[in-house]
Amino acid sequence: MTRTREDVWTLTEAEGDWPAVLVAYERAVGLLRALDPPTGPPSNPLGWRFLAAIHGLEAPNGDPDTSNELWSNCQHGSWYFLPWHRMYLMAFELIVQDALGDEDWSLPYWYAIDPDDAGKAVLPPAFRDQSRQLYTDQRSIPANGGSPLPDLSQALLEALGADRFSTPSGLSTFGGGERAAPSWSGGEVGLLEGVPHGAVHTLVGNDFDRNNRVVRRGWMGSFFTAALDPIFWLHHSNIDRLWQVWLDLDPANANPTGDPAWADTEFSFPAVGGDLETWSIGEVLDLASIGYEYASTAAPSAITPPVGPSLGAGPNIGLGEEAMPEPIPPQVIGTTTDVPLATADAVDVELSTPAALDFAVAADAEPVGDGRVFLRVEGVTGTAGAAVYEIYLNVPPGEAPTDHPELRAGFFSTFGLTEASQTNALEDGSGLTTVLDITAVRDVLEEQGRWDPARLQVSFSPVTPAETAEDVEAAEGQPSDLVAGQIAVVVT
Ligand code: C2O
C-alpha cells in the first residue's frame, strides 16, 4: 500500500487546528526523546538525540564525532546528498511508525519556498507553540514568531531548471558533483541543496542582525544539530519531494543510475528491533516501490516543461573559433584566488585563453561542446557569513546589484560553512563550492554590448532575512570572514 506524505500547510489550512498527522508526530517526538538521556552521549539508536547524531554530532574538540560508526554520516556537497537524506527519512519514518504503532503514519512536508504560495514561507503554527514538543527556542526568533522567510522562489525555479543530476566535470547540477565515494561535505553543492535547502536551514536556525551578520545560532543552522529540530524532517521531506518534481518535469531529467559509484553505494541506519536497515541508492529511486508518494509533485506554475537554459549556438565568448574547437572537455578561461566575499566591491576575474581544468573531479571531465559558460565559486571557507548571497555579474559601476535582476547569476548558501572549513577525519577543509550556469547572463551582457572577453566582475549581495527581532536588532553580529579559495569561469 502506498502512503501519502501530505503538505503540512494544506492540512493546517483545511483543519484550522493541528492536523492529526502532527498530533501524532508530537507524540512520537516525546516518546523518542524519552529514550535517550537528555545529556551525555546518545545511547539508544532509536532515541531522538541518537537519530540526530546520525546526521552529525559534535565531539568536544569541535570535530564530527565518529566514535560510533552510525554518527556524523550526513552527505553534503555531492551526488550522495539526495539519496542519503531519502534513506535517513525512510529509517526515521519506520521508527516513528513503530513508536506510534501506526504503520500508515507518513512524514508531512513543509514547502517553505513555494513560488505559488508565499504564505507557506512561515513556519507552520504547530512548530511555534511554545508549550508543545514541536517548538524549540533553538531557532531564529523571527521564524518562531511567524515571520516569513525571504522570497527565494527564483532560486527554486533555477534549481528545478537544472538539466543534469550530476557531472564529473564540475558544472552546475541539480543533485551535486560526482564523487567516487561518500563524503561528509563533498565538493560541488547541487542547486537544490544550496537554495532552497541550505537557505531554509540557516534562516530557520540562525539569527542575523540588520547587516546580515550572524548574531545567534540555533539547531537548524549546523550539521551537528539540525536533526534535533522537529521541523528538520518536514523540510527534508520537501527536498525529497522536489527531487521527484524535477524528475517528473522533463523526460530528459534522470538519475545517474548507470554509474555504480552512485547506484550501488549503500548506507545503513538503525532499525526497530536492534538491527540495521541497509539500502543501496539503486533500491530507493522508485517512490512507489519504497511505499510512499507525495500529495503533489506538480511543478511550480512558472515552469513550463520541458525546462533548461536555452543553449547558445556554440562557443561565443569572444575568443575566436580556433581557440574553441568542439566538442572539448570543459575549459577554464579565467580564475582569481583568495577572494574575500565580505566586501561590497565587485571581484575581477581576468578572462583569457582556455586552459585545462585544475580541480579534483576534472580527471574524467567529458566533452560537452554546447557553448555554455559556468561560474565556479570554489572552496569558500570561514566561520560566519550571511545566510544566502545573490551573485551578480558586471553590474554597472555605482549601481546596486539588486536593481539588476537580469544580471543575477544565481545564489550561494552558507549552510555547512564551518563544517566544510574544518580539517579532520571526515573533511579536508576544502570549503563550499557552488557552480552556476551563467550562459543566460552572458547573453544579456552580450546583447547590451557589456560582455568583456577580458574580464568578468562578480558581486556578492547578501539576501536580507525575515525581519529581525528587537533583541536581535540590538545585537552586534559576527563580521563575515568568508573567503573563496578561487573563482573560476568555465566554458563547455
Ligand atoms: Cu544533511 Cu538538510 O541537511
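What follows is a walk through two sheets in this predicted model and a helix that lies against one of them. Residues are numbered from 1 along each chain as its sequence is written. As the model is predicted, local features need pLDDT of at least 70 and side-chain atom pairs count only at pLDDT 80 or more, totals for chains, interfaces and linings use all residues, and side-chain values use heavy atoms, with hydrogens and water left out.

One sheet is open and has six strands (strands being DSSP runs of E, at least two residues, numbered from the N terminus). Its order is E2-E16-E11-E18-E8-E10, and the pairing is mixed (two strands pair if DSSP finds at least two bridges between them). Strands E2 (188–189) and E10 (355–356) sit at the edges with a single partner strand each, so one side of each has no neighbour in the sheet. Further in, E8 (residues 331–340) and E18 (residues 483–491) run antiparallel and are joined by eight bridges. Here threonine 337 stands opposite glutamine 486 of E18.

The other open sheet has four strands in the order E9-E17-E12-E13, with antiparallel pairing. Its edges are E9 (347–350) and E13 (408–413); each has a single partner strand, so one side of each goes without a neighbour in the sheet. From one strand to the next, the twist averages 25° (axes are lines fitted to C-alpha atoms, for helices over the stretch in contact, and angles run from 0 to 180 degrees between N-to-C directions). Four bridges tie E9 to E17 (residues 455–462), again running antiparallel, and aspartate 348 has glutamine 457 in E17 as its bridge partner.

Across strands E12 (388–393) and E13 lies helix H7 (residues 191–205), running at about 45° to E13. Helices are DSSP runs of H or I, at least four residues, and contact means heavy atoms within 4.5 Å.
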